[in-house]
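The following note is offered to a colleague meeting this structure for the first time. Please read the numbered points alongside the sequence and the coordinates.

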Amino acid sequence: QVPKVRFGRTEVAMPIVTCGAMRFQHTWMPDFIPIVINKKKVVETPSQVNLEEVVRQCLKMGINHFETARMYGTSEIQLVHALKAMMERGEIKR
């Protein structure tokens with residue numbers, strides 16, 4: 001298990017290692033560009049299966065902080081979809 005430390009002045013325990021989601025993306029196309037991204041196509045790619053496995057392995061190691069940003073292409077869409085699917089299957093709790 002990855003060690004955890006207190007986050008700032010809070011009582012929240014954060015892992016000392018986080019998972020950066022910049023490379024999760026299927027495409028670099030940020031969502032503010034006026035070209036519509038087909039979210040269904042994005043989450044039905046082979047990379048989505050790999051992303052879920054990365055999330056699963058991170059959680060097994062105690063890494064529960066996933067860092068993403070709008071400029072990381074479709075990684076936010078994909079991460080949300082993966083977490084939602086894993087919750088619906090009962091693999092993880094909210």
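1. The model is a predicted one. To begin with a single residue, R56 has a relative accessibility of 22% and therefore counts as partly exposed. R56 forms a salt bridge with E91, with 2.7 Å between the closest N and O atoms. Because R56 belongs to helix α2 and E91 to the segment after α3, this pair ties together parts that are 35 residues apart in sequence. E91 is itself partly exposed, at 36% relative accessible area.

2. R56 also meets the side chain of E53 in a salt bridge, at 2.7 Å from N to O. Both residues sit in helix α2 (residues 46–60), three residues apart, or about one turn of the helix. E53 is partly exposed, its relative accessibility being 32%.

3. A further salt bridge joins the side chains of K84 and E88, at 3.7 Å from N to O. K84 and E88 are four residues apart in helix α3, so about one helical turn separates them. K84 is partly exposed at 47% relative accessibility, whereas E88, at 60%, counts as exposed. Elsewhere, salt bridges with shared partners link E52, E53, R56, R89 and E91 into one network. The structure holds six salt bridges.

4. As to the overall arrangement, the chain contains three helices and four strands, and their order from the N terminus is β-β-β-α-α-β-α. The C-alpha trace spans about 40 × 30 × 20 Å along its principal axes. Among contacts with a separation of 6 or more, 67% are between residues 24 or more positions apart.

5. Is Q78, a residue of helix α3, buried or exposed? Its relative accessibility is 0%, so Q78 counts as buried, the cut-off being under 20%. Beyond its neighbours within four places in sequence, Q78 is in contact with several residues, including F24, H26, V43, T45 and L51. In the chain of 94 residues, 31% are buried.

6. On the surface, V5, I16 and V17 make a nonpolar patch of about 250 Å². I16 is located in the loop between β2 (13–15) and β3 (19–20). With 51% relative accessibility, I16 counts as exposed, because the term applies over 50%. The chain exposes about 6600 Å², of which carbon and sulfur atoms supply 59%.

7. Finally, on charge, the chain has 14 positive and 9 negative charges, and the mean positions of these two groups are 2 Å apart.

Methods
Residues numbered from 1 in each chain as written. Predicted model: local features only at pLDDT ≥ 70, side-chain atom pairs only at ≥ 80, totals over all residues. Heavy atoms only, no water. Helix = DSSP H or I, 4+ residues; strand = E, 2+ residues; numbered from the N terminus. Buried < 20%, exposed > 50% of the residue type's maximum accessible area, 1.4 Å probe, protein only. Contact = heavy atoms within 4.5 Å. Areas by Shrake-Rupley, 256 points an atom, 1.4 Å probe, with all protein chains shown as cover. Lys, Arg positive; Asp, Glu negative; His and termini not counted. Charge placed at Lys NZ, Arg CZ, Asp CG, Glu CD. Patch = residues over 30% accessible without salt bridge, like charges linked within 9 Å, V, L, I, M, F, W, Y side chains within 5 Å. Salt bridge = Lys/Arg side-chain N within 4 Å of Asp/Glu carboxyl O.
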